Amino acid sequence: MIKRLLPLLFICLIVLSACSNKPTAPKATKDGKPLIVVYGDYKCPYCKKLEDHVMPKLRKNYLDNHKADYQYINLAFLGKDSIIGSRASHAVEHYAPQQFLNFQQHLYAAQQDEKKAWLTESLLDKEIKKLNIDQATQDKIMKDYKTKNSKSWKAADKDKAIAKEHHIKTTPTAFVNGEKVEDPYKYDNYEKLLKKHK
């Protein structure tokens, strides 16, 4: 009897394992507002499409007026310079959180060929200096993202771990309160989920 059940149990485990590899995202916010999560990479041309066509509307209707929270999880997988961009954005988010979305927008606007190593310290420093922040904050950001084992380095590594934990393999992948946005290039798909999770 047990010999007959073992193959069935094994098949059940395989099926359950396969089901758990479905892409997911963090769901919770501290204040109960809907959470928009975008998995991306600043070098990804498809992520730039999302930034150019969806983010302006999300910012206007939900983010700038604090009706929803936003989390960008950087996979940093499109070249060795991707992780440098991820660290810089985490440093901005830590020291000047009100400027994070502007910095993200600047990096996508500066995007070049994904096969080129263009996310350099020189470019990142230039974009940090464009932000509406004082010199002392700029200096903290630039020091942090260039310093091994700093807060921004740990946060960039954590992003990669979160993406792995949630089985994310492509960018952009977007969620609203843990529910996947089926076509992340269409604003209406976010709007529908945001209204559902009000």
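This is a short walk through one protein structure, from its overall layout to a few of its helix contacts and loops.

Let me say at the outset that what we are looking at is a predicted model, and I will keep to what can be read from it. The protein has nine helices and four strands, and from the N terminus on these elements follow one another in the order α-β-α-α-β-α-α-α-α-α-β-β-α. Of the 198 residues in the protein, 44% are buried. If we take the contacts between residues at least 6 apart in sequence, 72% of them join residues that are at least 24 apart.

I would like to begin with helix α8, which covers residues 151–165. Its 15 residues, at 1.5 Å a residue, should span 21 Å, and since the C-alpha atoms at its two ends are 21 Å apart, the expected and the modelled values agree. Which residues of α8 are buried? They are Ser152, Trp153, Ala156, Asp159, Ile162 and Ala163, and they pack against β1 (35–40), β2 (69–74), α4 (80–95) and α7 (135–146). It may help here to recall that an α-helix has 3.6 residues a turn, so residues three or four places apart point the same way. Just after α8 ends, His167 takes a positive phi of about 60°.

One of those partners, α4, deserves a closer look. Two packed helices are described by the angle between their axes and the distance between the axes. For α4 and α8 the angle is about 115°, and the axes are 8 Å apart; α4 passes α8 in a right-handed crossing. On the α4 side the contact is made by Ile83, Ser86, Arg87, His90, Ala91 and His94, while α8 contributes Lys151, Ser152, Trp153, Ala155, Ala156, Asp157, Asp159 and Lys160. Sorted by class, this contact holds five nonpolar, four polar and five charged residues.

Two residues of α4 make a useful pair to set side by side. Ser86, which lies in α4, has a relative accessible area of 0% and is therefore buried; leaving aside neighbours within four places in sequence, Ser86 is in contact with Asn74, Ala76, Ala156 and Asp159. Tyr95 is also found in helix α4, but with a relative accessible area of 28% Tyr95 is partly exposed. What does Tyr95 touch, not counting residues up to four places away in sequence? The answer is Thr137, Lys140, Ile141 and Asp144. Tyr95 and Gln138, though 43 residues apart in sequence, have C-alpha atoms 8.5 Å apart in space.

A second helix pair is formed by α5 (residues 100–109) and α6 (residues 121–130), which pack at an angle of about 135° with their axes 10 Å apart; the two are therefore oblique to each other. Here α5 passes α6 in a right-handed crossing. From α5, Phe103, His106 and Leu107 meet Leu123, Leu124, Glu127, Ile128 and Lys130 in α6, and by class this contact has five nonpolar, one polar and two charged residues.

Turning to helix α2 (residues 45–53), we find Glu51 there. Is Glu51 buried or exposed? Its relative accessibility is 7%, and because buried means under 20%, Glu51 counts as buried. Again not counting residues up to four places away in sequence, Glu51 touches Pro56, Gln104, Gln105 and Tyr108. The C-alpha atoms of Glu51 and Gln104 are separated by 8.5 Å, although these residues are 53 residues apart along the chain.

Next comes helix α9 (residues 187–196), in which Tyr187, Asn189, Tyr190, Glu191, Leu193 and Leu194 are buried. Among the elements that cover these buried residues are β1, α2, α3 (55–63), β3 (173–176) and β4 (179–180).

Let me finish with the loops. His66, in the loop between α3 and β2, has a phi near 65°, which is a positive value in a residue other than glycine, and with a relative accessible area of 55% His66 is exposed. Asn149, in the loop between α7 and α8, is likewise not a glycine and has a positive phi of about 65°; its relative accessible area is 56%, so Asn149 is exposed. Lastly, in the loop between α8 and β3 we find Pro172, and the peptide bond leading from Thr171 to Pro172 is cis, with omega near -5°.

Definitions and conventions:
Residues numbered from 1 in each chain as written. Predicted model: local features only at pLDDT ≥ 70, side-chain atom pairs only at ≥ 80, totals over all residues. Heavy atoms only, no water. Axes fitted to C-alpha atoms, helices over the stretch in contact; angles between N-to-C directions. Parallel < 35°, antiparallel > 145°, perpendicular 65-115°, else oblique. Left-handed = near helix turned anticlockwise from the far one by under 90°. Contact = heavy atoms within 4.5 Å. Nonpolar A, V, L, I, M, F, W, Y, C, P; charged D, E, K, R; others polar. Expected span 1.5 Å × (residues − 1). Buried < 20%, exposed > 50% of the residue type's maximum accessible area, 1.4 Å probe, protein only.
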